[in-house]
Amino acid sequence: MKAYLENINKAFESKARLGIMSVLMVEDRVDFSTLKDTLQLTDGNLASHLRALEEAEYLQVEKQFVGRKPNTTYQATETGRKAFNSHLDALEQLILNNRKDS
């Protein structure tokens with residue numbers, strides 16, 4: 001059991017970060033407002049989770065202006081995709097192992 005837990009990535013333990021990465025695994029690029037609406041998070045809460053994932057190099061940030069309005073988009077990096085898939089694999093193994101033991 002300990003081997004499965006070693007592969008669980010603490011960066012994805014929060015519901016918000018799990019949601020962010022889940023969205024970015026499906027969509028190539030997503031803007032801040034879409035993430036906020038989809039995940040039902042406040043600006044500050046979303047921003048802090050995005051910053052943590054960016055610092056871990058799991059997502060890439062692109063800031064630009066559309067007309068006069070700032071627009072920030074996010075995209076999962078290759079490192080982020082690999083780390084998230086490894087995390088999901090570890091969770092899956094943990095669940096499967098627990099079902100066998102029941």
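What follows is a friendly exchange about how the labels used for this predicted model are justified.

Reader: Let's start with the sheet. What makes E1 and E2 its edge strands?

Author: The three strands form an open sheet in the order E1-E3-E2, with antiparallel pairing. Strand E1 (30-31) and strand E2 (59-66) each have a single partner strand, so one side of each is left without a neighbour in the sheet.

Reader: How do you know that E2 and E3 pair?

Author: Two strands pair if at least two bridges are found between them. E2 and strand E3 (residues 69-76) are joined by eight bridges in the antiparallel sense, so they meet that definition. As an example of the register, Gln64 stands opposite Asn71 in E3.

Reader: And which helix packs on the sheet?

Author: That is helix H2 (residues 15-26), which touches E1, E2 and E3. The direction of H2 makes about 85 degrees with that of E3.

Reader: Turning to H4, how do you know that its length agrees with the expected span?

Author: Helix H4 (residues 43-55) has 13 residues, and at 1.5 Å a residue they should span 18 Å. The end C-alpha atoms of H4 are 18 Å apart, which agrees.

Reader: Why do you say that the buried residues of H4 line one face?

Author: The residues in question are Leu46, His49, Leu50 and Leu53. Seen down the axis of H4, they fall within an arc of 100 degrees, so they line one face of the helix. In general, an α-helix has 3.6 residues a turn, so residues three or four places apart point the same way. The buried residues of H4 pack against H2, helix H3 (32-39), E2 and E3, while Gly44 and Glu55 are exposed on the other side. Just after H4 comes Glu57, with a positive phi near 65 degrees.

Reader: Now the aromatic rings. Why is the pair of Phe12 and Tyr58 called stacked?

Author: The structure holds two aromatic pairs. In the one formed by Phe12 and Tyr58, the ring centres are 5.3 Å apart and the planes stand at 25 degrees. Centres within 6.5 Å make a pair and planes under 30 degrees apart count as stacked, so the label fits. Phe12 lies in the loop between helix H1 (2-6) and H2, and Tyr58 in the loop between H4 and E2, so the pair ties together parts that are 46 residues apart in sequence.

Reader: What makes the pair of Phe12 and Phe84 edge-to-face?

Author: Here the centres are 5.1 Å apart and the planes stand at 85 degrees. An angle over 60 counts as edge-to-face, so that is the name for this pair. Phe84 sits in helix H5 (residues 78-101), 72 residues apart from Phe12. Together, ring pairs link Phe12, Tyr58 and Phe84 into a cluster.

Reader: Why are Phe12, Tyr58 and Phe84 called buried?

Author: Buried means under 20% relative accessible area. The value is 1% for Phe12, 13% for Tyr58 and 3% for Phe84, so each of them counts as buried.

Reader: One last case: how do you know that Thr77 is buried?

Author: Thr77 has 18% relative accessibility, under the 20% limit, so Thr77 counts as buried. Thr77 is found in the loop between E3 and H5. Leaving aside neighbours within four places in sequence, Thr77 is in contact with Glu57, Tyr58, Leu59 and Gln60.

Key. Residues numbered from 1 in each chain as written. Predicted model: local features only at pLDDT ≥ 70, side-chain atom pairs only at ≥ 80, totals over all residues. Heavy atoms only, no water. Helix = DSSP H or I, 4+ residues; strand = E, 2+ residues; numbered from the N terminus. Contact = heavy atoms within 4.5 Å. Axes fitted to C-alpha atoms, helices over the stretch in contact; angles between N-to-C directions. Expected span 1.5 Å × (residues − 1). Buried < 20%, exposed > 50% of the residue type's maximum accessible area, 1.4 Å probe, protein only. Arc of directions from axis to C-beta. Phe/Tyr/Trp six-rings, centres within 6.5 Å; stacked < 30°, edge-to-face > 60°.
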